[in-house]
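Hi everyone, thanks for coming. Please have a look at the chain on the screen, and then we'll walk through it together.

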Amino acid sequence: MALPLLSYAPKSQNQRVAGYELGGDEQPRVFTTENVLSSGDMENLIWAAYRQIYSEHQILKSNRQKSLESQLKFGQITVRDFIRGLATSAPFLERNYQTNSNYRFVEMCVQRILGRDVYSDREKIAWSIVIATKGTQGFIDELLNSSEYLEKFGYDTVPYQQRRILPQRVGGETPFNLKTPRYSEYHRSQLGFPQIIWQTSVRRFVPQEQQAKAGDPSNYLGMARNMPMPATPPQRVSLANINIATMVPRR
């Protein structure tokens, strides 16, 4: 029996605030099949879908879904179906779902499919229950069938990050592919990075103006310490065998 979606309260994020800015170079480019005029435009739309769902660090030649690309080019499926195929493909699940927890996977899918950040931990829990009861396929279907997705992107538009660049602000929001790396903190610790490397020898920093110049006697101290010891130790001579009279100088 499928459990109903747990209720959660939305927050006033940037994408929920009405915007009055004019379009420009800083605004995200919208890729939709409504204005595709050539094969090059379709290739750009497909590339934008890969970049949005797979993120740039996972766009590999081996991850391409050529069957889905062909169906999209011939009009057999919509952009929404193409996004569904990418989000449920084996490479995407292998590199994102199997290497992270359900909460982490929910956060990544909400960012890449709905184009916004999660509202709170309660939303992560709500969608995690959907993954536990319906699986990843059911979870992706719920996102794509939601009224939020249909109102924002419909059937023909590639999802994109909503209102990342804001007016009267020096820097916009961090892109999701940089804000959310591939592995979570827990899985990064399992893989052994980041590592703190401790050197056995402590090196002292000497400023350049205090370093010994060429010909300085201190440069030979290390060389003298590294000279090998004599193979045979010096012989000890008894005082009885020493003629002291010959050794004392005459005045």
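Let me begin with a question: how far apart should the ends of helix 5 be, given its 12 residues at 1.5 Å a residue? The expected span is 1.5 Å times one less than the number of residues. For helix 5 that gives 16 Å, and its end C-alpha atoms are indeed 16 Å apart, so the two agree.

Before we go on, a word on where this comes from. This is a predicted model, in which local features need pLDDT of at least 70 and side-chain atom pairs count only at pLDDT 80 or more, while totals for chains, interfaces and linings use all residues. Residues are numbered from 1 along each chain as its sequence is written, and side-chain values use heavy atoms, leaving out hydrogens and water.

Now the overall picture. The chain has 11 helices and zero strands; these are DSSP runs, numbered from the N terminus, with helices being H or I of at least four residues and strands being E of at least two. Of the 251 residues, 33% count as buried. Buried means under 20% relative accessible area, exposed means over 50%, and partly exposed is in between, using a 1.4 Å probe and protein chains only.

Back to helix 5, which is mostly covered: 10 of its 12 residues are buried. Among them are F105, C109 and I113. Y103 also sits in helix 5, but Y103 is partly exposed, with a relative accessible area of 44%. Just after this helix, G115 takes a positive phi of about 75 degrees.

Next door in our tour is helix 4, residues 90-97, where P91, F92, L93, R95 and N96 are buried. The cover over those residues includes helix 1, helix 3, helix 5 and helix 6.

So what sits in the largest nonpolar core? A nonpolar core is a set of buried Ala, Val, Leu, Ile, Met, Phe, Trp, Tyr and Cys residues joined through side-chain atoms within 4.5 Å. The largest one here has 36 residues, and those with the most contacts inside it include F82, F92, C109 and I113. Helices 1, 2, 3, 4, 5 and 6 each supply at least two residues of this core.

Let's finish with F82. Setting aside neighbours within four places in sequence, F82 is in contact (heavy atoms within 4.5 Å) with I46, A49, Y50, L68, E69, L72 and I77. Thanks for listening!
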